[in-house]
Protein chains: 2
Amino acid sequence: MKIAILGTGAGARCHADKLTSLGHEVTVGTRDPQTTLARTETDPMGTAPFAEFLSGRKGLTLLPFAEATAGAELIINGIDGANAVAALTAIGNDVLAGKVLIDYAVPYRYNPDIPRPWPTPWGVMPALDPVDSDSLSEQIQRALPDAKVVKAFVTQEQETVVDPAEFGGDHTIFVAGDHPEAKQAATDLLRSYGWTDILDLGALYAARGMEMYAHMHCAIGLALGGRFGVKVIR
Amino acid sequence: MKIAILGTGAGARCHADKLTSLGHEVTVGTRDPQTTLARTETDPMGTAPFAEFLSGRKGLTLLPFAEATAGAELIINGIDGANAVAALTAIGNDVLAGKVLIDYAVPYRYNPDIPRPWPTPWGVMPALDPVDSDSLSEQIQRALPDAKVVKAFVTQEQETVVDPAEFGGDHTIFVAGDHPEAKQAATDLLRSYGWTDILDLGALYAARGMEMYAHMHCAIGLALGGRFGVKVIR
């Protein structure tokens, strides 16, 4: 399948590698490829410059957002939460019309007035905006009414999303959205990643809970000092 | 142990019965016992009038908040989130000084302008206030600086908190707080309830995530049509 991943962060790279290994044709979207490739610094989270990542991966193509999206059958949104709505809106509802858009972004708003002690990035959580009465995924769906938005992946580190076997494989991941075929596409993708317990949380407003779970996820991760799985037992 | 449960809702009743069965001396606190006992209606969630509950339980005593608290070694806060800070503040920092206060309330603000379709109570979630940058537990700790507040129980239905064996017993519950001895007291109580996997999430600000998880918890519960356990797999 032709799949576009929007965003060049650590999470996007996990999906790029996994999807390539599964035989998909993957393009990575960024605002301006020249700027992305010109970066030479490793970020505070330890993510290497994108050019370094790309150099060893001949199957991957880096394109501007709209070009990456235009040729794709399925789109994965990993644009950071503060910029996602503006960047996706700029691509245009016509380009995204009818396409499945899997959104895994968290709407973090980094406030420079709140100290965030490194190397424990979530010592104090950044603010979420929107929160509680709206979600980033609902904002995206409203901005792109003809796209088929599905919230998925967001309740886990993307390293775990692409490798559920890391914790024995029998744990749970979630999808939510207003388009059954988009949820099916996300579910199929998750099955191809190795997930067996995929829980449909219903309409897209369940994305509120999935995004707000970021606090709990980070608190558990900090308490354990690393990644973990979550199994819904019923 | 002498334990006070503040609040007369379904959750408080779960703890009253469990603690009584474990041999504790339990008082239930309410704003005004006469008013509580005068209610004759079953609420929309199916919770019977408190007088009916109390009539079959001779070991339980219903007292005004401050009186219930004064005689107790351990206090469990099940006052609804919208009223908890005011009610606890009225009891007084001096009465609560040095005492362990286990808070399991969610700061729901019921907005009559948002339709909440019965009998699916969480079809649209009530708003949370505070949310994201503060938590109800932190508000309570600031209002009662000499109490030892610990957030616990809140990530589960209280029916499950008092009976973890319901889902095989091997699932996870959380505590957070700034007083190690309060977290130990909550942990000991949870062990006596049958919990074996009790995860310390650190300082009281982790209560933000535990309260905000209410959305996710309700979405999962709605998707499954009932209660469930959550196991952190590591």
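## Buried, exposed and a loop threonine

A residue counts as exposed here if 12 or fewer other C-beta atoms lie within 10 Å of its own, and as buried if there are 20 or more. Take Thr40(B) in this predicted model: it has 9 other C-beta atoms within 10 Å, so it is exposed. Thr40(B) sits in the loop that runs between helix 2 (33–38) and helix 3 (50–55) of chain B. Go 12 residues along the chain and you reach Glu52(B), whose C-alpha atom is 8.5 Å from that of Thr40(B).

## How far to trust it

Confidence first. Chain A has a mean pLDDT of 93, with 94% of its residues at 70 or more. The weak spot to flag is residues 116–121 of chain A, where the pLDDT is below 50. That stretch still has 7 contacts in the model beyond near neighbours in sequence. Where pLDDT is low, the predicted coordinates should not be read in detail.

For the model as a whole, the scores are ipTM 0.94 and pTM 0.95.

## Chain A in outline

Chain A is built from 10 helices and 11 strands. Its radius of gyration is 17 Å, close to the 17 Å that the globule rule gives for 234 residues, so chain A is as compact as a globular protein of that length. Along the principal axes, the C-alpha trace spans about 40 × 40 × 35 Å.

As for packing, 47% of the 234 residues of chain A count as buried. Look at the contacts in chain A with a separation of 6 or more, and 75% of them are between residues 24 or more positions apart.

## Strand 1 and its partner

Over in chain B, strand 1 (residues 2–6) is mostly covered, with 4 of its 5 residues buried. Its neighbour strand 2 (residues 25–30) of chain B runs parallel to it, and 5 bridges join the two. To find the pairing on screen, pick Ile3(B), which stands opposite Val26(B) in strand 2.

In a regular strand the side chains alternate between the two faces of the sheet.

## Two copies, one axis

How do the two chains relate? A turn of 180° with a shift of 0.0 Å along the axis lays chain B on chain A with an RMSD of 0.0 Å. That is the relation of a two-fold axis. The copies also meet through the same surface, because 100% of the interface residues of chain B are interface residues in chain A too.

## Where the chains touch

The contact draws 32 residues from chain B and 32 residues from chain A. On the chain B side, the elements giving two or more residues are strand 7 (127–128), strand 10 (197–200), helix 10 (207–224) and strand 11 (229–233). Helix 10 of chain B gives the most, with 12 residues. By type, the chain B side divides into 20 nonpolar, 7 polar and 5 charged residues.

There is strand pairing across the two chains as well. Strand 11 (residues 229–233) of chain A and strand 11 of chain B run antiparallel and are joined by 5 bridges. One pair to look up is Ile233(A), whose bridge partner in strand 11 of chain B is Gly229(B).

## Odd backbone spots

Most residues other than glycine have a negative phi, and most peptide bonds are trans. A few places here go the other way.

Start with the prolines. A cis peptide bond joins Asp129(A) and Pro130(A), with omega about 5°. Pro130(A) is in the loop between strand 7 (127–128) and helix 7 (136–143) of chain A. Chain B has a cis bond from Asp129(B) to Pro130(B), with omega near 10°, and Pro130(B) lies in the loop between strand 7 and helix 7 (136–143) of chain B.

Then there are the positive phi values. Asp132(A), in the loop between strand 7 and helix 7 of chain A, has phi near 75°. With 21 other C-beta atoms within 10 Å, Asp132(A) is buried. In chain B, Phe153(B) has phi near 70°, positive though the residue is not glycine. Phe153(B) is found in the loop between strand 8 (148–152) and helix 8 (158–161) of chain B, and it is buried, with 29 other C-beta atoms within 10 Å.

Key:
Residues are numbered from 1 along each chain as its sequence is written. Chains are lettered from A and ligands numbered from 1 in the order in which they are written. This is a predicted model: local features need pLDDT of at least 70, side-chain atom pairs count only at pLDDT 80 or more; totals for chains, interfaces and linings use all residues. Two residues are in contact if their C-beta atoms, placed from the backbone, lie within 7 Å. Ala, Val, Leu, Ile, Met, Phe, Trp, Tyr, Cys and Pro count as nonpolar, Asp, Glu, Lys and Arg as charged, and the others, Gly among them, as polar. Two strands pair if DSSP finds at least two bridges between them. The radius of gyration is taken over C-alpha atoms; the globule rule is 2.2 Å times the number of residues to the power 0.38. Copies are superposed by least squares on the C-alpha atoms of residues with pLDDT of at least 70 in both. pLDDT is the predictor's confidence in each residue, from 0 to 100.
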